[in-house]
Every structure is written in structure tokens, then in C-alpha cells.
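Dear colleague,

Please find below the structure that I am handing over to you. My notes on what was found in it follow directly after.

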Amino acid sequence: MLKPTAEQESVGDVAVTGENEIVEAGAGSGKTTVLNYTAERLLRETDARNGLYLGFNKVTAMEAKEKFPRAVDCRTGHSVAFATHGRPLAHKLPGKRANQKLYEVANILRLQPLTMESLTPGGPLRVVSAERVGWAARETVDRFCRSADPELTTRHVGKHALPEGFDRDQYNECVIRAARRAWSDMASPEGQLRMPHDVYRKLWALSEPQLRKGFVMLDEAQDTAPVLAKVIRDQQCQQIVVGDSCQQLYAWAGAVNALDKWGDAKRLYLTQSWRFGPAVADEANKWLSLTGRPLRLTGNPALDSQLVELGSTARAILCRTNVGAVVEVMSALAAGRRVALVGGGDEIERLAKAARRLMDGYKTDHPELCVFDSWEEVKKAAAGDEGDSTLKVLVHMMTSIGPEGVIAAMRQLTERESDAEVIVSTGHKAKGREWDSVRIAEDFTPKKTPEQGDTASTLVKLEDAMLAYVAVTRAKLRLDRGPLAYVDDVLGIRQEQFAE
């Protein structure tokens with residue numbers, strides 16, 4: 001690398017003392033480059049003979065492998081676990097059993113429907129089918145596998161939608177019994193159930209492994225599964241934990257911000273971004289100020305980033321939800337443009353097909369909708385302030401666009417982004433990506449207009465501020481902030497409050 005900045009050099013200086021480090025690395029601050037520099041210094045200036053870099057996914061691990069010294073093993077947590085606990089179970093991985101149906105799961109686990117008497121005399125029995133129990137059991141195992149917990153208990157059972165008046169304690173006990181059978185089956189080479197990759201990672205973690213490395217570097221630590229974070233914390237070697245607390249987007253999936261839970265470690269900051277110029281950095285700092293975190297960014301003075309209106313000239317369009325992404329895809333297709341969707345359209349198409357099946361009066365085995373017997377149940381589970389947020393998005397999509405419109409749009413996508421004229425993504429899936437020009441889609445519009453008596457915290461939830469920060473920092477040269485311009489009103493309200 002070029003001569004390191006003072007911030008980058010500080011990371012290496014602390015590392016060679018042997019102290020554990022927490023590095024808060026802002027968007028575009030070149031954390032992989034800094035880690036490479038730090039690894040080289042550790043190997044050169046200390047008695048460490050090897051190290052381990054753990055990337056968030058296979059792509060980041062492979063990219064790091066091309067840059068890091070050979071003595072540093074660049075892997076994912078799953079990759080490390082596979083070597084000892086995944087290989088004996090490889091024949092059970094999804095590629096071999098991807099089409100396992102819910103009725104097959106119910107048969108393997110020997111499940112029966114769960115019934116309760118009607119709330120009214122002479123009324124029909126309330127029933128949770130064996131297939132629904134089987135789905136809940138698998139989902140419970142998934143939660144257990146992501147957790148750092150040593151045992152599978154009812155705390156891992158999700159708060160699933162149930163028939164009205166159904167006893168949740170009875171349901172939870174039924175599901176946990178099924179989940180324990182499912183766990184035993186998945187963890188056995190002779191078992192019949194498809195085994196998610198998280199199962200062998202959990203088995204590896206439960207074995208309390210010692211990695212025998214001079215140091216371990218954990219990347220994207222703000223979105224680390226608790227099971228992996230515990231393994232790294234328990235290592236008898238130096239630990240360097242890197243991430244951006246303000247880019248924590250996967251708390252809903254059980255991830256934790258390991259940067260806040262590492263205990264005794266030196267905390268440093270990388271605030272110089274090389275991705276974008278001062279204009280985008282200023283915009284990012286507005287959202288950072290609403291997170292309550294101290295991180296602020298400095299833009300790259302060599303880049304003339306601008307806030308502009310891009311319209312149809314944007315290379316990438318970032319949306320808050322899948323509904324917004326489908327709307328943008330359909331709009332671009334209607335204009336005759338070639339469109340790519342980050343992550344592809346298969347997942348959304350399958351969901352639309354499952355919704356259509358429920359609308360037509362049939363049940364579906366789609367994992368997100370198999371717990372429902374009708375479309376009315378889905379709408380009921382999504383209704384109200386306490387409704388399932390994922391289902392709210394689905395119901396809105398099916399109501400505003402319809403399953404046929406969604407399916408048709410997904411089938412017209414351009415497969416390779418390099419062949420597309422415009423790339424559409426949700427903010428979540430855009431994480432780690434960058435484009436020369438980015439337009440923020442209209443579904444980022446705030447839920448309410450600022451008015452007298454509002455505060456910044458009531459107008460912008462923490463998760464919304466973090467998502468907006470991620471979205472605006474995907475732009476390198478030109479940013480059309482669109483509806484996210486409302487941040488100026490929010491900050492104006494806060495300044496008035498401070499003045500008072």
C-alpha cells in the first residue's frame with residue numbers, strides 16, 4: 001500500500017503491542033487495505049507466525065486472499081468449520097436436498113397436527129398442521145444455530161402467527177420437541193433432513209475449538225452471528241475486530257454488533273473515506289449524527305462528488321424495500337431499458353408465486369408463507385402497528401402490483417449487471433457495493449412530515465438512519481438523494497431544540 005495515513009498507522013502501532021483492537025471503519029475507508037498492512041507488520045515485527053482473516057462472505061474472503069500475506073489464512077467462519085465438522089455431513093447440504101418438501105419434514109420427524117378445541121361451543125377445532133410444526137421446528141433450529149447458546153430451548157422458537165386463541169405455550173412446547181428431533185437428525189450423518197450450513201458451524205462452535213493462530217481478524221463485525229463472535233472471543237490469541245457500527249443492517253436476522261461486545265480492547269477509528277468526495281461525506285455525516293455514534297467521515301479531496309438530480313441517468317437505484325425495487329424495475333422495463341436486480345429475481349418470484357397460490361385458495365410450502373392457510377391470514381398477520389413487517393411489505397406488493405406483474409418483471413431481468421443499463425437494489429443488498437452514480441428511490445420517503453413537537457428520534461429510527469447512511473455512501477461521484485433530503489428538516493428541528 002501507499003504510505004499509510006496517521007489513522008491507518010495507529011491501527012498497526014497498537015496491533016504490534018499485542019493489545020486486542022476494535023477498529024470502527026467508516027464507509028470507503030479501505031479497511032481491507034489497513035488489515036493487510038497490519039497483518040504484514042504483525043508477521044514482521046512480532047513473534048506471530050500466522051494469522052486468520054474471517055470475511056463476511058466467500059467473496060470478501062477470496063478478495064482478501066489475493067492481497068494478504070500467505071501466512072494469513074483468509075476464510076469465512078463456515079469455511080473453517082467445514083474442515084472439521086462439515087465434511088462428514090457434506091452429503092446432507094442443500095445442494096443435495098434443496099427440494100425437500102414440508103410434508104417430507106413432517107414425516108421424517110413423525111409429526112401430528114396440533115389441535116385445540118374451538119373458543120365457541122360446537123365450533124370447529126383449531127388446527128396447526130404437521131407441516132407448519134415441521135417448518136417452525138426447522139426455523140427454531142436455525143435460530144439456535146445462529147445463537148451462542150449451548151442448548152436448544154423454547155427461547156429459540158419464533159413468534160409465529162397462530163390461529164386465533166391458540167395457546168402459545170402449548171404450541172412452543174410442541175415445536176421445541178420437534179426442533180430437538182430435527183437438530184439430532186441434522187447433526188447425524190445418517191439423518192434424513194436437509195442440513196443448512198449453519199448446523200455444522202454450530203457443531204464446530206460447540207466443540208470449543210482453538211484455532212492455533214497468532215492473531216485473528218474478524219471483518220464486518222457489526223453483523224456477526226453470535227455463535228461466531230463467541231468462538232473468536234474465546235481464542236487464546238490477539239483479536240482485531242473490524243467493522244462499522246453504523247452499518248449494522250442484519251439485527252433482524254439475529255446478528256449482533258460484536259464491536260460493542262468485545263470487552264477490554266483498544267478502540268480506533270478510520271474516518272478518511274477514499275470512495276467519495278466531500279459532498280457525499282457531508283451527506284453521510286448528517287445521517288451519522290442521528291445514530292448517536294461518534295464516527296464522522298472526511299471525503300476524498302481528489303474526488304469531485306456532487307449532489308445532483310439524476311433521473312434515468314443513474315447507474316444504480318437504491319430502494320428501501322423489495323416493493324420499491326420491483327416498482328423501479330417495472331418502470332425501467334417500461335422505458336425499454338435493460339435492468340439488473342442485485343441478488344437476482346428468483347427469490348421475489350418464488351414469493352409472488354406462493355402469494356398467488358394462497359390468493360387462489362391453496363396452501364403453499366414456501367418457507368415464509370407455509371404457516372398460513374389463506375391469504376386472509378397473511379393480511380391479518382401483517383395488519384396493525386404490531387404486524388409482521390416482512391408480511392406488510394409482501395401484502396403491499398401483492399396489493400399494489402399483483403403477483404402476475406411481479407413475476408413478469410422478474411422474468412425480464414438482465415442476468416449480468418455488466419450487460420444492464422441500470423442496476424436496482426435494496427439498501428441492504430447494496431452493502432459493500434459502490435457505483436459512480438446513485439439515485440435514492442421514492443420508497444425512502446419518511447413515514448411522517450416533520451411538524452411542531454417532533455424530535456429527531458421520533459422522526460428517524462436508528463435502523464432507518466443506518467440504512468440511509470449505507471445508501472448514500474454507495475455513490476462515488478454523483479448522488480441523487482431524492483426523498484432522503486428530509487434529513488435537512490430533521491436536523492433543523494434538532495438545532496431548534498438545542499437552541500431552546
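I begin with a pair of strands: strand S2 (residues 51-55) and strand S3 run parallel to each other and are joined over 5 bridges. Please bear in mind throughout that this is a predicted model. Within this pair, leucine 52 is placed opposite aspartate 73 of S3. Strand S3 itself spans residues 72-76 and has two unlike faces: Val72, Cys74 and Thr76 make up the covered face, while Asp73 and Arg75 make up the uncovered one.

Strand S1 (residues 21-25) offers another picture, as 5 of its 5 residues are buried. Glu21, Val23 and Ala25 lie on one side and Ile22 and Glu24 on the other, and both of these faces are covered. S1 has parallel pairings with two strands that can be named here. With strand S7 (residues 238-243) the pairing extends over 4 bridges, and valine 23 has valine 242 of S7 as its bridge partner. With strand S8 (residues 266-270) the pairing extends over 5 bridges; here glutamate 21 is partnered by lysine 266. As background, strands of a sheet pair through backbone hydrogen bonds, in either a parallel or an antiparallel manner.

Further along the chain there is an open sheet of 6 strands, with parallel pairing and the order S9-S14-S13-S10-S12-S11. Strand S9 (306-307) and strand S11 (339-341) stand at the edges with a single partner strand each, so one side of each has no neighbour in the sheet. Inside that order, strand S10 (residues 316-319) pairs with strand S12 (residues 422-426) in the parallel sense, over 4 bridges. Cysteine 319 faces threonine 426 of S12 in this pairing.

I turn next to the charged side chains. How many salt bridges does the structure hold? The count is 33. In general terms, side chains of opposite charge can pair when their charged atoms come close. Three of these contacts may serve as an introduction.

The salt bridge of lysine 431 with glutamate 220 has its closest N and O atoms 3.8 Å apart. Because lysine 431 belongs to the loop between S12 and S13, and glutamate 220 to the loop between strand S6 (215-218) and helix H10 (226-233), this pair ties together parts that are 211 residues apart in sequence. Are these two residues buried or exposed? Both lysine 431 and glutamate 220 are buried. They also take part in a network of salt bridges that links Lys31, Asp219, Glu220, Asp223 and Lys431.

In the salt bridge between aspartate 260 and arginine 293, the closest N and O atoms are 2.5 Å apart. Aspartate 260 is in the loop between S7 and S8, and arginine 293 is in the loop between helix H11 (278-288) and S9, so the contact ties together parts that are 33 residues apart in sequence. Aspartate 260 counts as partly exposed because its relative accessibility is 43%, and arginine 293 counts as partly exposed at 23%.

The third contact is a salt bridge between the side chains of lysine 429 and glutamate 347, at 3.7 Å from N to O. Lysine 429 is in the loop between S12 and S13 and glutamate 347 is in helix H13 (residues 346-359), so parts that are 82 residues apart in sequence are tied together. With relative accessible areas of 32% for lysine 429 and 42% for glutamate 347, each is partly exposed.

On the surface, Arg320, Lys392, Lys447 and Lys461 gather in a patch of positive charge. One of these residues, lysine 447, sits in the loop between strand S13 (435-440) and helix H17 (456-459). Lysine 447 counts as exposed because its relative accessibility is 69%.

Finally, two backbone angles deserve a mention. Most residues other than glycine have a negative phi. Glutamate 208, although not a glycine, has a positive phi of about 50 degrees. Arginine 212 likewise has a positive phi, near 55 degrees. Glutamate 208 lies in the loop between helix H9 (197-206) and S6, and arginine 212 is also found in the loop between H9 and S6. Glutamate 208 is exposed, with a relative accessible area of 66%, and arginine 212 counts as exposed at 72% relative accessibility.

With kind regards

Methods. Residues numbered from 1 in each chain as written. Predicted model: local features only at pLDDT ≥ 70, side-chain atom pairs only at ≥ 80, totals over all residues. Heavy atoms only, no water. Patch = residues over 30% accessible without salt bridge, like charges linked within 9 Å, V, L, I, M, F, W, Y side chains within 5 Å. Areas by Shrake-Rupley, 256 points an atom, 1.4 Å probe, with all protein chains shown as cover. Salt bridge = Lys/Arg side-chain N within 4 Å of Asp/Glu carboxyl O. Lys, Arg positive; Asp, Glu negative; His and termini not counted. Charge placed at Lys NZ, Arg CZ, Asp CG, Glu CD. Buried < 20%, exposed > 50% of the residue type's maximum accessible area, 1.4 Å probe, protein only. Pairing = 2+ DSSP bridges.
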